[in-house]
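Me: I have a model open at the bench and would like to walk through it with you. Shall we take it one question at a time?

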Amino acid sequence: MCRGRLVLESRILEDGVLIAEEGVITRIIDAHDPSLSKEDRELIAAVPASDSYILPGLVDVHCHGGGGSSFPNATSIEKAQAAIDEHRHHGTTTLVASLVTAHADVLRERAALLTELAEEGELAGIHFEGPFVSHARCGAQDPKYIIDPDPELTAELLEICKGYALTMTLAPEKDKAYGPGSVAEVLIKGGALPSWGHTDSGSAPAREALEFSRKAIKETTNPRSARATITHLFNGMRPLHHRDTGPIGEFLSDAAREGVIAEMICDGVHLDPSLVRDVYEMLGRDSCVFVTDAMEAAGMPNGTYELGSQTVDVKDGYAYIAGTTTLAGGTAHLLDCVRVATFKGGIDLVDAVFMATVQGARILGRYDIGKLEAGMRADVLELDEQLRPQRVWRGGTLVK
């Protein structure tokens, strides 16, 4: 049982009490409800009032690692678990492990290892960031391992993941990215989602890919989610220009029409907070999701790290491919993104939390997480007034 300012799906309950039993939230009580019974008033009186914020556990659907451990480089359960624990300690109670572009054999090996952790309930899913992406907009993806879209390899990876594959980043301009017999079709029919990104596409291929994935999801029985995604909007794609529009205008348009959900890395490094605010105001919270794109340097000091086959130099929160100015993932936790959105972007806290919880849960096709509501898994954060974590519970158990 905990008491404070409960951040609910549509409002903040300024003095609320949350009760959980056996790992599930059973009641949310307004401490000032005049209709409370004598028993409830006595129950509330036993819990001191607090200025703490109480949030649902955060849901990150795009994360490469943290705490000195990298999912793309992990060769043991213990190394991958260290990255999970780093983010869990900072309030991310549901995490998707992201791989990067690599040789097919490496992808098979990492997918098998991460699937073990998903089966144990430690991970919620697996995201493949490549290898079917653009050389021109590869970002931190190693170009020597980029290949053309391969539906057979995609089907093999989905089988290895045993239903835990969530998304795969695709460049829509590449042959067999979308359409009959394409990678996108294999993903959707196999219980995963295309995530359009790392692309040098023009407007037309982007629009066609979006329309194809929207239709394919609608026609599929029990799809993973009703909406595909965009991999970190603005990053790793041709910039928007009024005469050479590229894909961004199409991504925004489709999201505004309840098509894709747009990922944004709201860490203050990848995107200016004012741009995050603008996109949120244009699309609404239901079409945006916050992600970290974090790599192994999250929670770590300045230094040299790895992201797949790439060496990364990290200084003061900026991670660059060694010797370049190319960003190579993030170093933030998802709660940092909520703080940036709220304190620097001016986004309402309720909506910032929504984009870091409910939206990720929706993409996962999960209805038991992401909210402070009776019947939800008791994933709960207690934060101070600066939104710094004080305590974290996952499934009702205190994270130590």
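Me: Which residues does T115 touch, not counting residues up to four places away in sequence?
Reply: Happy to help! This is a predicted model, where local features need pLDDT of at least 70, side-chain atom pairs count only at pLDDT 80 or more, and totals for chains, interfaces and linings use all residues. Residues are numbered from 1 along each chain as its sequence is written, and side-chain values use heavy atoms, with hydrogens and water left out. With contact meaning heavy atoms within 4.5 Å, T115 touches I126, I160, C161, K162 and Y164.

Me: Is T115 buried or exposed?
Reply: T115 belongs to helix α3, residues 104-119; helices are DSSP runs of H or I with at least four residues, strands are runs of E with at least two, and both are numbered from the N terminus. Buried means under 20% relative accessible area, exposed over 50% and partly exposed in between, using a 1.4 Å probe and protein chains only. T115 has 2% relative accessibility, so T115 counts as buried.

Me: Which residue stands opposite T229 in β13?
Reply: Two strands pair if DSSP finds at least two bridges between them. Strand β12 (residues 229-230) pairs with β13 in the parallel sense, over 2 bridges. In β13 (residues 261-264), I261 and E263 point one way and A262 and M264 the other, and all are buried. The residue opposite T229 is I261.

Me: Which strands stand at the edges of the open sheet of 7 strands?
Reply: The pairing in this sheet is mixed, and the order is β3-β2-β1-β4-β18-β19-β20. Each edge strand has a single partner, so one side of each is left without a neighbour in the sheet; these are β3 (24-30) and β20 (397-398).

Me: Which residue in β19 stands opposite L381?
Reply: Strands β18 (residues 380-383) and β19 (residues 389-394) run antiparallel and are joined by 4 bridges. Opposite L381, in β19, is V392.

Me: How many charged residues are in the lining of the second largest pocket?
Reply: A pocket here is an open set of points on a 1 Å grid over the protein atoms alone, where a 1.4 Å probe fits, with protein on both sides within 12 Å along at least five of seven lines; lining residues have an atom within 4 Å of a point. Residues lining the second largest pocket include D267, D336, R339, K344 and R388. Asp, Glu, Lys and Arg count as charged. Beside 4 nonpolar and 3 polar residues, the charged ones number 5.
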